[in-house]
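Colleague: I have the model open and would like to know how its descriptions were reached. Could you take me through the reasoning?

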Amino acid sequence: MLTLRLQPILNGLISENQSAFVPGRAISENVLITHEVLHFLKTSGAKKHCSMAVKTDMSKAYDRIEWDFLIAVQRKLGFQEKWINWIHQCVSTVKYSYLINDGAHAAVTPQRGIRQGDPLSPYIFILCGEVLSGLCRRAQRDGTLPGIRVARGSPLINHLLFANDTMFFCKSNKKNCETLHQILQTYEEASGQVINLGKSSITFANKTNIETKEKAKEILGITALGGQGKYLGLPEHFGRKKKDLFALIVDRIRRKAVSWSSRFLSGAGKMTMLQAVLSAIPTYTMSCFKLPISLCKRIQSAMTRFWWDETSGKKKMCWVAWKKLTRSKKDGGLGFRDVEAFNDALLAKLSWRILTNPNCLLARVLKGKYFRYTSFLEARPRKSASHGWQGLLVGRDLLRLNLGKAIGNGEATSIWNDPWLSLETPTKPMGPATLGTAEWTVAKLIDPHTKTWNKEKILSVLPNLEQQILCVKPSVLGKEDKYIWLATESGEYTSKTGYHIAFAKQSIEITVLDTNNESSINWTRDVWNAHTSQKLKVFLWKLSSGALALGENLFSRGIKANAVCNRCGELETREHMLFLCSFAKQVWEATPVRNLPSFTSDQTFGTILQEVKSWICLPPVGLMGSSLFPWICWFLWLARNKQIFDERGFSLSDTITKAISKAREWEAAQITTPTTERRLGTGEALPLHPQATICFVDATWTVENQAAGYGWLFKTQAGVVIREGHKSEAPVRSPLAAEALALREALMDAKSRGWTNLCFKSDSQTLIRAIRSTENIAEIYGVLQDIHILASSFVTIAFDFMPRSNNLQADSIAKFALSSFVSLSLFSSLVTQNG
Ligand SMILES: [Zn+2]
């Protein structure tokens, strides 16, 4: 409870040097800033005024916090006494029991410390860390500990906090070292925290002389040298051998895979395992740094081995290339992640943050160093750049493939250089810029008074794009423009959509390679949505992909010893084993399916797989005909293996009865309780303010001329209509845009009346949901922002969803507005034609 309350306000309380546990701040930012500073130290040519980085480790971080200190900190941050009391009770009501000689002895109430594992603890902990941060900031202000800037245009940073991992950056002279030492001591005394000097280390700039180093070590009491270690679990610095630094990841995957393969895992189990666990291991690293290609390959090969090898660890043939496994299931793959594409998608997430939060610390540090005079999008790669920055540029380039700009006031968007014209693909006007307009922003096309498009200007600058531009609805209240990611409705970047784009970009080159009979298979319908168990779906996939150790598959890979059927000596093809071998034929003949077709040699597995849909089981089997098929195939396969390895297969009747009973067993387990469908939440209507005016809003829209009509009416709670309004315009992009525009009109109308308490009713669920959450919708960005701004100017305001049937009055006003608009514009176009 308290945690939930605390979370949203943290961003305002905690300084930007702390990134643990604060929503919206990512650990990866701290990692990259530290990385950038260490890169600076490594490449710094300074000989006199050298800098250094000090990594400290707080020992027993949680259980040493002094309660008095905690209370004082909260007072200082402006928390109310009531709150402070609550927190104090939370931490001080802990009782520890000690186990001595098998008996629990009297509960001991501790005098300090906060509980590890309590959801509140990390937050309390960083509130206290804020004090350390404060000490550092003060020292920065008075010049005793200015910190480091990685380039002339970058901000000075003297510390970074991540929970109990703390980095300090300063000059290595005596004065700075003494200040730092003083700060640490003050903090230790006040908070009860102790810095573990043994686990702390100093990284000096490249050319620092020995005396300076020794002096600094002596003052701080830290002897270990840093730079080769880790910060927040990742390598601090990358030398020439990046591969080796990341090699740990591959080891972890291998170990995990081995520990799991000791248990029995079916194909389906392995699939889950690969997707969930193994692919998650490198995720953290990959969200900060670009992995070397060779490493991606090694990760992939570790995962490939896990997938194909036997549970005993015996190496097996990899029947299908990894590249193909990473295709979506619909395209015959298994939907495994391509490591490199996933890496790029995660990096793009961080790049997105730099692009959309140019004021965050990381963005400012990087701007000063790498794109001081241009924008992030224009920054060019440099040889001397840090590895971290190079990775961010890879992410940035992925963003560019699908980046758009949503127009607010148009001031931050260049007419000619920004992709602001489309919601589908990044589109900017075809150049070259007309005379004198090269530097123009979109704001130049907007009338400064009405805040709507200046049609004359548009016609003179971009005559061909008039309709397209008019569809974009700018913010009339001056909200800034915003970058949008075109693959999501909200316009926010997600790594999932980023991955699809990165993957698609890569696989353009490999689609051509697709050959053979697989193209006839409808993977989604006949394999993944087949009415059977997960294990058998994977089996069907293997059959369809030629991924079983059948004679023909072995033969085509040069293993010629066992190419023939063990029963009859013919070439063992998939079709032979399943349908054509006399044993298989007998099994099928005995299978209780009505009108079973006889299999011929010109049928492939793919075509048969489609036909089984129409099979009907004979009573009393009590199964769907199609659900028996995969089980019979499975037991034919098992019978075949048993025949080869045990020299004694299943008998005919064994094969059938096993298949039927397993199929029944599975089907019986599938009887599920019907799930009640949940209505998409637009939330409960809040209690209404007694004096609130109710406003009914509606819009209509036509496809043909993209015209929209808006209608709204205000009623008292007794149902008396006080005011009606309507408007119409064209072009409008969609019904949703029309609904949003109608609502904005109604809000502006209410505001101009001076009303203070309102409740708006609309029949657009999407719109109401977007307003109630803080989620954006790229398509109506400017209008939605205006609605938020307008809404905040009323005393009480509510937005409710209401079915169309209850909104008929507003609906008919909107329809009227639209029809008169359409006939009017028809009339005027006739006039212009005849005139
Ligand atoms: Zn045979």
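Colleague: Which residues touch the most other members of the largest nonpolar core?

Modeller: Bear in mind that this is a predicted model. The largest nonpolar core has 182 residues, and Cys695, Leu741 and Ala742 touch the most other members. Helix α13, residues 339-356, gives the most to this core, with 11 residues.

Colleague: What makes Leu741 and Ala742 eligible for a nonpolar core?

Modeller: A member must be buried and of a listed type, and Leu and Ala are both on that list. Leu741 and Ala742 are among the buried residues of helix α27, so each has 20 or more other C-beta atoms within 10 Å of its own. Others buried in α27 include Ala737, Glu739, Arg744 and Ala750. As charged types, Glu and Arg are not on the core list, so Glu739 and Arg744 are not counted as core members.

Colleague: Which residues does Cys695 touch, leaving out those up to four places away in sequence?

Modeller: Cys695 touches Trp712, Phe714, Ala746, Ala750, Leu758, Cys759, Phe760 and Lys761. Of these, Ala746 and Ala750 are buried residues of α27.

Colleague: How do you know that the length of α27 fits expectation?

Modeller: Helix α27, residues 735-753, has 19 residues and reaches 27 Å from its first C-alpha to its last, close to the 27 Å expected at 1.5 Å a residue. Just after α27, Gly754 takes a positive phi of about 80°.

Colleague: And what about α11, how does its span compare with expectation?

Modeller: Its 16 residues should span 22 Å, and the end C-alpha atoms are 22 Å apart, so the two agree.

Colleague: Why are α11 and α13 called oblique to each other?

Modeller: They pack at an angle of about 120°, with their axes 9 Å apart. Roughly perpendicular covers 65 to 115 degrees and roughly antiparallel starts over 145, so this angle counts as oblique. The contact is made by Ile293, Cys296, Ile299 and Gln300 of α11 and Val339, Glu340 and Asn343 of α13. By class, that is four nonpolar, two polar and one charged residues. Cys296, Ile299 and Gln300 are also among the buried residues of α11.

Colleague: Then why is α9 called roughly perpendicular to α20?

Modeller: Helix α9, residues 267-276, and helix α20, residues 534-545, pack at about 90° with their axes 7 Å apart. That angle falls within 65 to 115 degrees, so the pair is roughly perpendicular. Gly267, Ala268 and Met271 of α9 meet Gln534, Lys535, Val538 and Phe539 of α20.

Methods. Residues are numbered from 1 along each chain as its sequence is written. This is a predicted model: local features need pLDDT of at least 70, side-chain atom pairs count only at pLDDT 80 or more; totals for chains, interfaces and linings use all residues. A nonpolar core is a set of buried Ala, Val, Leu, Ile, Met, Phe, Trp, Tyr and Cys residues joined through C-beta atoms within 7 Å. A residue is buried if 20 or more other C-beta atoms lie within 10 Å of its own, exposed if 12 or fewer, and partly exposed in between; C-beta atoms are placed from the backbone. Helices (H or I, at least four residues) and strands (E, at least two) are DSSP runs, numbered from the N terminus. Two residues are in contact if their C-beta atoms, placed from the backbone, lie within 7 Å. The expected span of a helix is 1.5 Å times one less than its number of residues. Axes are lines fitted to C-alpha atoms, for helices over the stretch in contact, and angles run from 0 to 180 degrees between N-to-C directions.
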